[in-house]
Amino acid sequence: AAVDTTEELAISLELHMDGKDEQIEVRDNDGSVADTVTFVEGISGKGILLKVGQYIEVGGIDPCAGNFTMTAWTKWGGFRGDGIYQILFAERSNWDAGMSRFQLQYEIMTSSITAVGDGADFTGYGYAWLAKGNVERGGSLPMNEWAHLALVYEDGSLYLYINGVLVSDKAGVPFRPKDTEKPMPFRIGGSEVPNDTWNGAIDEVRIESVAHNAEWVKAEYEKYAK
């Protein structure tokens, strides 16, 4: 659980997506609590398959306050035919109003996985191209099978791993989350924009305020690798 101290917010959060995680709530894009949540077979137990327009909200954490590691298993369905982005992780409340601190997304047009801080800043630190996404277009993210994604932020650089292998630049990709007056809501699998919903089941999410190394990421992948 998230532990708040007088010095910092230390995060060590494991979300099993089985309906028993008290820290999460599935919402519709208007912010209301979703009437129905679809559970499917996960990589371990159950996972959540979000309907278009839904996202998972996690209360009370600010992963972008310092170094972090975010991981998730996903059975991704690839291009869905609507929208421009599919969001896996986001700390934002309203993109149009500039209230977006960070997000990890798949971009349909370029078939790439990118991180975005300030959407108005495409000069380098607010936007990070991490890897080509869709395997059907020469990328790294498998479709219709379980895959492990890990995003590590360490001292101003991002590193993306898929199935335990570093797929982004070995030297790290420069990045800086947007500075905001207060933390934004942390969301998994979507945003307030209906078509931003991630196209695929999500399971076994971990969020920590630690920049884990490659050995740790590989070990996390091997826990459930089949």
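A residue is called buried when its relative accessible area is under 20%, exposed when this area is over 50%, and partly exposed in between. The exercises below apply to a predicted model.

**Exercise 1. Confidence of the model**

State the average pLDDT of the chain, and identify what the pLDDT is over residues 1-7.

Solution. The average pLDDT over the chain is 90, and 91% of the residues reach at least 70. Residues 1-7, however, have a pLDDT below 50, and this stretch makes ten contacts in the model beyond near neighbours in sequence. Where pLDDT is low, predicted coordinates should not be read in detail.

**Exercise 2. A nonpolar surface patch**

Which residues make the nonpolar surface patch of about 300 Å², and is Isoleucine 84 buried, partly exposed or exposed?

Solution. Step 1: the patch consists of Ile84, Tyr85 and Met109. Step 2: Isoleucine 84 belongs to the loop that runs between strand S8 (68-76) and strand S9 (85-94). Step 3: the relative accessible area of Isoleucine 84 is 39%, so this residue is classed as partly exposed. Step 4: patch members need over 30% relative accessible area, and the 39% of Isoleucine 84 satisfies that cut-off.

**Exercise 3. The surroundings of glutamine 105**

Locate glutamine 105, classify its accessibility, and list the polar contacts of its side chain with glutamine 103 and glutamate 107.

Solution. Step 1: glutamine 105 is part of strand S10 (residues 99-107). Step 2: with a relative accessible area of 3%, glutamine 105 is buried. Step 3: its side chain is in polar contact with the side chain of glutamine 103 at 2.5 Å, and with that of glutamate 107 at 3.0 Å. Step 4: apart from neighbours within four places in sequence, the residues in contact with glutamine 105 include Tyr85, Gln86 and Ile87, as well as Ser112 and Val116. Tyr85 thus appears both in the nonpolar patch and among the contacts of glutamine 105.

**Exercise 4. Salt bridges of arginine 27**

How many salt bridges does the model contain, and which glutamates pair with arginine 27?

Solution. Step 1: side chains of opposite charge can pair when their charged atoms come close. With N and O atoms within 4 Å as the criterion, the count is 13 salt bridges. Step 2: glutamate 25 and arginine 27 are bridged at an N to O distance of 3.0 Å. Glutamate 25 is partly exposed, at 33% relative accessibility, and arginine 27 is also partly exposed, at 22%. Step 3: glutamate 57 forms a salt bridge with arginine 27 as well, with the closest N and O atoms 3.9 Å apart. Glutamate 57 is in strand S7 (residues 54-58) and arginine 27 in strand S4 (residues 24-28), so this pair ties together parts that are 30 residues apart in sequence. Step 4: glutamate 57 has 14% relative accessibility and therefore counts as buried.

**Exercise 5. A buried pair and a network**

Where do the partners of the salt bridge between glutamate 91 and arginine 101 lie, and which residues are joined into one network by salt bridges that share partners?

Solution. Step 1: the closest N and O atoms of glutamate 91 and arginine 101 are 3.6 Å apart. Step 2: glutamate 91 lies in strand S9 and arginine 101 in strand S10, so the bridge ties together parts ten residues apart in sequence. Step 3: glutamate 91 and arginine 101 are both buried. Step 4: the network of salt bridges with shared partners comprises Glu25, Arg27, Glu57, Arg92, Arg187, Glu192 and Asp196. Step 5: one of these residues, arginine 92, lies in strand S9 and is buried at 2% relative accessibility. Its side chain makes a polar contact of 2.8 Å with the side chain of glutamine 103. Beyond four places in sequence, arginine 92 is in contact with several residues, among them Arg187, Glu192 and Asp196.

**Exercise 6. Positive phi values**

Compare the settings of aspartate 155 and glutamate 204: in each case, is the residue buried or exposed?

Solution. Step 1: most residues other than glycine have a negative phi. Step 2: phi is near 50 degrees for aspartate 155 and near 45 degrees for glutamate 204. Step 3: aspartate 155 occupies the loop between strand S13 (146-154) and strand S14 (157-162), and is exposed at 64% relative accessibility. Step 4: glutamate 204, by contrast, lies within strand S18 (residues 200-208) and is buried at 10%.

Definitions and conventions
Residues numbered from 1 in each chain as written. Predicted model: local features only at pLDDT ≥ 70, side-chain atom pairs only at ≥ 80, totals over all residues. Heavy atoms only, no water. Patch = residues over 30% accessible without salt bridge, like charges linked within 9 Å, V, L, I, M, F, W, Y side chains within 5 Å. Areas by Shrake-Rupley, 256 points an atom, 1.4 Å probe, with all protein chains shown as cover. Salt bridge = Lys/Arg side-chain N within 4 Å of Asp/Glu carboxyl O. Helix = DSSP H or I, 4+ residues; strand = E, 2+ residues; numbered from the N terminus. Buried < 20%, exposed > 50% of the residue type's maximum accessible area, 1.4 Å probe, protein only. Polar contact = N/O pair within 3.5 Å; in protein donor to acceptor, adjacent residues only side chain to side chain. Contact = heavy atoms within 4.5 Å. pLDDT = per-residue confidence, 0-100.
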